[in-house]
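Biologist: I am new to this structure. Please take me through one part of it closely, in short steps.

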Amino acid sequence: MKALLPLFPRPSQYLGNEINAIHKDRTKVTVHLALAFPDLYDVGMSYLGQKILYELANQQEDVWAERVFAPSQEVAALLQEHELPLASLESDTPLGELDAIAFSITHELCYTNILYMLDLAGVPLWAKDRNQNHPLIIAGGGCTLNAEPVAPFCDLMVLGDGEETLIDLIHVLRHRKQTPCSRSELLRDMASIHGVYVPSLFKSKGPEMSLSPVDEDMPLPEKRSVADINTIDFPVRHILPFGKPVHDRLTVEIARGCTRGCRFCHAGMVYRPVRERSLSELKRIIDQGLAATGYEEISFLSLSTGDFSAFQGLFMQTFTQCRSQQVAISLPSLRAGSLNESLLSRMATIRHTGMTVAPEAGTQRLRDVINKGISEEEILEHTRMVFAHGWQGIKLYFMIGLPTETREDLDGMLDLCLKVRATAGKKAKRMQITAAVSPFVPKPFTPFQWEPQITMQEIEDRIEYLKQIFKPYTFLHLKWHHSHMSFLEGIFSRGGRELAPVIERGFRKGALFSSWSDHLHLNLWLEAMKECGCDPAACIGGRDINLPLPWDHLHSGVSKQFLLRERVRALEGKLSPDCRYNPCRRCGVCALDGHPSVLTQPSGEVPLQPVLNKTQRDQCEDTPYVEETNPDQEHLTHKACHYRLWYRKLELSMYLSQLELQRLFERALRRAGLPATFSAGFHPMPLMSFGMALPVGVGSQAEWVNIYFREELTEKDIVTRLTDQFPQGMDIFAAQSLTMGKKQPQAVAEEYRITFLGTPEQRAASLGAWQHFIQGESFTIEKTNKRGNIVQVDLRTFVRSSTLEKDGITVIFDWGQGYTNPLNLVTSVCPDISPLQFAMIKERQIM
Ligand code: SF4
């Protein structure tokens, strides 16, 4: 599909030559697979799970795990028009030729995108229609513990942590490539791997009966957990994405799992038990990760970052290092009560990223029902400290439609927002308080899995009520989640296999990218459900606790008895404190040896001594750290020398935009340890300036960027240290010292080589059009100027000379009187030319 790059919008998302992307010789690998993400590149490149599996799988010499993302619909249309299949990012191999395609499923609204990608790859959608020649379709990720609606499209699913399971799957694939067998034998081999679920080996024995194995002696699939995450290699060579991904920073997973026990939280139940990375391992990851990426921001990831038992030590150790390197630290998911004055005072000196707090419910009664475990006093003390340290606003996350919710709870949201604002004291008037409201969706494997979800109408009514009561308080901002999305999420999150035809029908109707509000077309989904005889009201309704659930044949480690007990405690408004520091609640996850329990017996009857039940925090709270150095801001802004770096931008790198280049250079300098001078101010940036922007899709043998450095450097030093720091097709070939403080020369003319491609007739037509242009005295076109006015422009004035050759032309463009985009100039002169019919390379700049 790379042949169509000149036609793609945002082509850099399809290059696969990012820094740290792994390329291997296809002929030398035994197992060749794609890690697929069913959403756009910008979303998928922010997903940590794929980064972990990518590095892990590729550590094996004979395995090549590539990436593939859902292409935009414009790109999909181009692939179909040119009859080209969806291909892997790195090697451009059609997906249908691979051994396996492993999808990460992180939410329910991406289900149709899986079919979209399979269809573009020419792979049959239903597992039953595939044969020996098709790749294995694997699904993993946070959703697979109940992804029954997509189970019939998957050959197998990975439950729980994927690291060890993926390696086992690769092992079986490798073995079966050397000793071929039938597809059904291969699937049975796979089914014996701990953490693997093969949907085709499970059938329902009748209405209202759970799924059971076709072979009676087959054990039920069970979630797999990595017992000690310190033993698994965490990726440090993150691929540096092009474009603007949702998260573009070094994401460091500090812990996995959470035992706070929030009763609505799927992740908090299924990722148990809590497993933390050691401080020394985190230090290694951060050191090596920054060195390998040049990132200017890091982020700590876990379900509840503030609950990390050595959070203060981790923050202080990282803070000292990051401050001296101008690296920002982002701290998502901070729980009220997890910050103290000393942490906040340091955080305030780095960067005021948005501060959030998640009370989830407006009253203490409802917070106790959901087992949130934070009091109003703790929330208010938290916001008081945040405001006292200079934050100008805070966002509060709430849910509506939680079990037992009343009007009083909705009123409580307003009341809490007003109290939070008051904690700012005299500065309250300036504070921005935002309440972000999302509808509650009951999730499988939680104590609320049997509860009804409120209807779309009820969601809208409650949001309307909140809008009314917030209206008089213009200083409060109310934001809400789209009711259509929550409705669909609710249908699919507790659905069974009967929803698979709805997903296929939705896909055929064009219901794609449904998690993007501008792409969500509820009418298509409602039509699909109606045509398949699916009753949406029943899907989101309450469930009988005595009837089987579609996910009963899968084991998350947490027992149903525990969930039922927690449900009763919820309705009684009783709290179940965190089992890490309080008695074990016998959820079933921890057995004596710390491995997930098999759950063949009710956990209530097992005398558990859980490994996680501790009386104090696991890692020392006051971990020693190096006292912060006093960062010398003046030192960072010091200008010791100024250089012009000359570089080539050819082959795939032609498709990088000017904005992407800026980030590439910034990070290359960091990786190379070249001390760029920073601007002063709140967001210091390296001082660099580029020449005229090269159009995307045009190559260059001679581009430049001027950079100030804060230490004396030699030309050789700069060029040597920047060798291999750029994507394939780009390299620095010279560094030229500039006189400090002088206006630097710009190109007054540039020489381009234009090669005409296509059929002999097309080439002849293009050459003829150019000849006609050159022979004419003027060539006037209409153009819209920066003010939006239409003006006449004579393109002939931009051409100093032109030499016709056999297959193209060499032109010297003259920018003495102004600049025009050379790519547009060519398409104006040859209006019938397609971007696939010519290539343009800048050969030199004339100063
Ligand atoms: S078994 Fe006990 S200690 Fe382990 S996660 Fe469950 S409640 Fe907590």
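Is R263 buried or exposed, and what is its relative accessibility? Please start there and then work through the salt bridges and the helix α8.

Modeller: A word first: this is a predicted model. R263 counts as buried, because its relative accessibility is 0%. The cut-off for buried is under 20% relative accessible area.

R263 has a charged partner. It forms a salt bridge with E566, and the closest N and O atoms are 2.8 Å apart. R263 sits in the loop between β10 (255-256) and α7 (266-270), while E566 belongs to helix α19 (residues 560-571), so the pair ties together parts that are 303 residues apart in sequence. E566 is buried too, with a relative accessible area of 3%.

Now take a group of linked charges. Salt bridges that share partners join D161, E163, E253, R256, R275 and R277 into one network. Two pairs from it deserve a look.

Start with R275 and D161. They form a salt bridge, with 2.7 Å between the closest N and O atoms. This pair links distant parts of the chain: R275 is in strand β11 (residues 275-276), D161 is in the loop between β5 (156-158) and α5 (163-178), and 114 residues separate them. R275 is buried, at a relative accessible area of 5%. D161 is buried as well, at 6%.

The second pair is R277 and E253. Their side chains meet in a salt bridge, at 3.0 Å from N to O. Again the pair links distant parts of the chain: R277 lies in the loop between β11 and α8, E253 lies in strand β9, and they are 24 residues apart. Both R277 and E253 are buried. In total, the structure holds 58 salt bridges.

The loop that carries R277 leads to α8. Helix α8 covers residues 279-293. Does its length fit its residue count? What span should its 15 residues have? At 1.5 Å a residue, the expected span is 21 Å, and the end C-alpha atoms are 21 Å apart, so the two agree.

Next, which way does the helix face? The buried residues of α8 are L279, E281, L282, I285, I286, G289, L290, A292 and T293. They cover an arc of only 165° around the axis, which puts them on the same side of α8. Among the elements that cover these buried residues are β9 (250-253), β12 (297-301), α9 (311-324) and α21 (658-672). So β9 appears twice here: it holds E253, and it helps cover α8. Just after α8, G294 takes a positive phi of about 75°.

Another glycine with a positive phi sits in a hairpin. Strands β23 and β24 form that hairpin with five residues between them, and G788 in the turn has a positive phi of about 90°. β23 (residues 780-784) and β24 (residues 790-794) run antiparallel, joined by five bridges. E782 stands opposite Q792 in β24.

Last, the cysteines. The structure holds zero disulfides. Why does C417 not form one? Its sulfur is 19 Å from the closest cysteine sulfur, in C262, which is too far for a bond. C417 counts as buried, because its relative accessibility is 0%. C830 is buried as well, with a relative accessible area of 3%.

Note on methods. Residues are numbered from 1 along each chain as its sequence is written. This is a predicted model: local features need pLDDT of at least 70, side-chain atom pairs count only at pLDDT 80 or more; totals for chains, interfaces and linings use all residues. Side-chain values use heavy atoms; hydrogens and water are left out. Helices (H or I, at least four residues) and strands (E, at least two) are DSSP runs, numbered from the N terminus. The expected span of a helix is 1.5 Å times one less than its number of residues. Buried means under 20% relative accessible area, exposed over 50%, partly exposed in between (1.4 Å probe, protein chains only). The arc is that of the directions from the helix axis to the C-beta atoms. Contact means heavy atoms within 4.5 Å. Two strands pair if DSSP finds at least two bridges between them. A disulfide is a pair of cysteine sulfur atoms within 2.5 Å. A salt bridge is a side-chain nitrogen of Lys or Arg within 4 Å of a carboxyl oxygen of Asp or Glu.
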